[in-house]
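User: Could you take a close look at how the helices pack in this model, and set that packing against the sheet and the charged pairs around it? I would like one connected account.

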Amino acid sequence: MSYILLIEDNQENADMTIRILRSANYEVKHCLRGYEGAKMARWERPDVILIDFDLPDIDGRTMTLMLKRQLGQSPPPIIAVTARAGVAEMRIAEEFGCNGFVSKPFLPDELLNMIEEVLKPPAAMD
């Protein structure tokens, strides 16, 4: 079972996301604040991190850069799950190091498919 760290400051959004993830048999831990999430990520090494870009204590983009630096050579995939929508925002997320992007509101399958995609092992080169 994969372990997902959810960093989301809106409790209602977090509760909905947690239900979706647990129904798909993921282990989920939740943090309301970015710095708390960074600490948990360093100690517990999740398989995937879901991060909101609009956190109260640190911008989610900055948080992504920080996590990538702090978690070393092979950090877990980070997926932006944010109300910020559009192609430009998706590109910004990618530039800041996100491995995936999901706009709120989202369909459960959209989130689960993105998680499955980032958890896939890299394709072998022939």
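Analyst: Angles under 35 degrees between the N-to-C directions of two helix axes count as roughly parallel, and that cut-off is what the first helix pair in this predicted model has to be held against. The axes of H2 and H3 cross at roughly 20 degrees and come within 11 Å, so H2 and H3 are roughly parallel to each other. In passing H3, helix H2 makes a right-handed crossing. On the H2 side the contact is made by Gly34, Tyr35, Gly37, Ala38, Ala41 and Arg42, which meet Met63, Met66, Leu67 and Gln70 of H3. Sorted by class, the residues of this contact are six nonpolar, three polar and one charged.

The end of H2 also takes part in a charged pair. Glu44 forms a salt bridge with Lys29, with 3.0 Å between the closest N and O atoms. This pair links distant parts of the chain, since Lys29 lies in strand E2 while Glu44 belongs to helix H2 (residues 34–44), 15 residues away. In total, the model has six salt bridges.

Strand E2 leads on to the sheet, which is open, has five strands in the order E2-E1-E3-E4-E5 and shows parallel pairing. Because E2 (27–31) and E5 (100–103) each have a single partner strand, they stand at the edges, and one side of each is left without a neighbour in the sheet. On average, and with direction ignored, neighbouring strands are turned by 20 degrees against each other. At the E5 edge, the parallel pairing with E4 (residues 78–82) runs over four bridges, and Thr82 has Ser103 in E5 as its bridge partner. Helix H3 (residues 60–70), already described as the partner of H2, packs on this sheet as well, where it touches E1, E3 and E4 and makes about 160 degrees with the direction of E3.

Helix H1 (residues 11–23) lies across E1 (3–7), E2 and E3 (48–51), and runs at about 170 degrees to E2. H1 also packs with helix H5 (residues 108–119), the two axes coming within 10 Å and crossing at roughly 60 degrees, and H1 and H5 are therefore oblique to each other. This crossing, too, is right-handed. Thr17, Ile20 and Leu21 of H1 meet Pro108, Leu111, Leu112 and Ile115 of H5, and by class the contact has six nonpolar residues, one polar residue and no charged ones.

Key. Residues numbered from 1 in each chain as written. Predicted model: local features only at pLDDT ≥ 70, side-chain atom pairs only at ≥ 80, totals over all residues. Heavy atoms only, no water. Pairing = 2+ DSSP bridges. Helix = DSSP H or I, 4+ residues; strand = E, 2+ residues; numbered from the N terminus. Axes fitted to C-alpha atoms, helices over the stretch in contact; angles between N-to-C directions. Contact = heavy atoms within 4.5 Å. Parallel < 35°, antiparallel > 145°, perpendicular 65-115°, else oblique. Left-handed = near helix turned anticlockwise from the far one by under 90°. Nonpolar A, V, L, I, M, F, W, Y, C, P; charged D, E, K, R; others polar. Salt bridge = Lys/Arg side-chain N within 4 Å of Asp/Glu carboxyl O.
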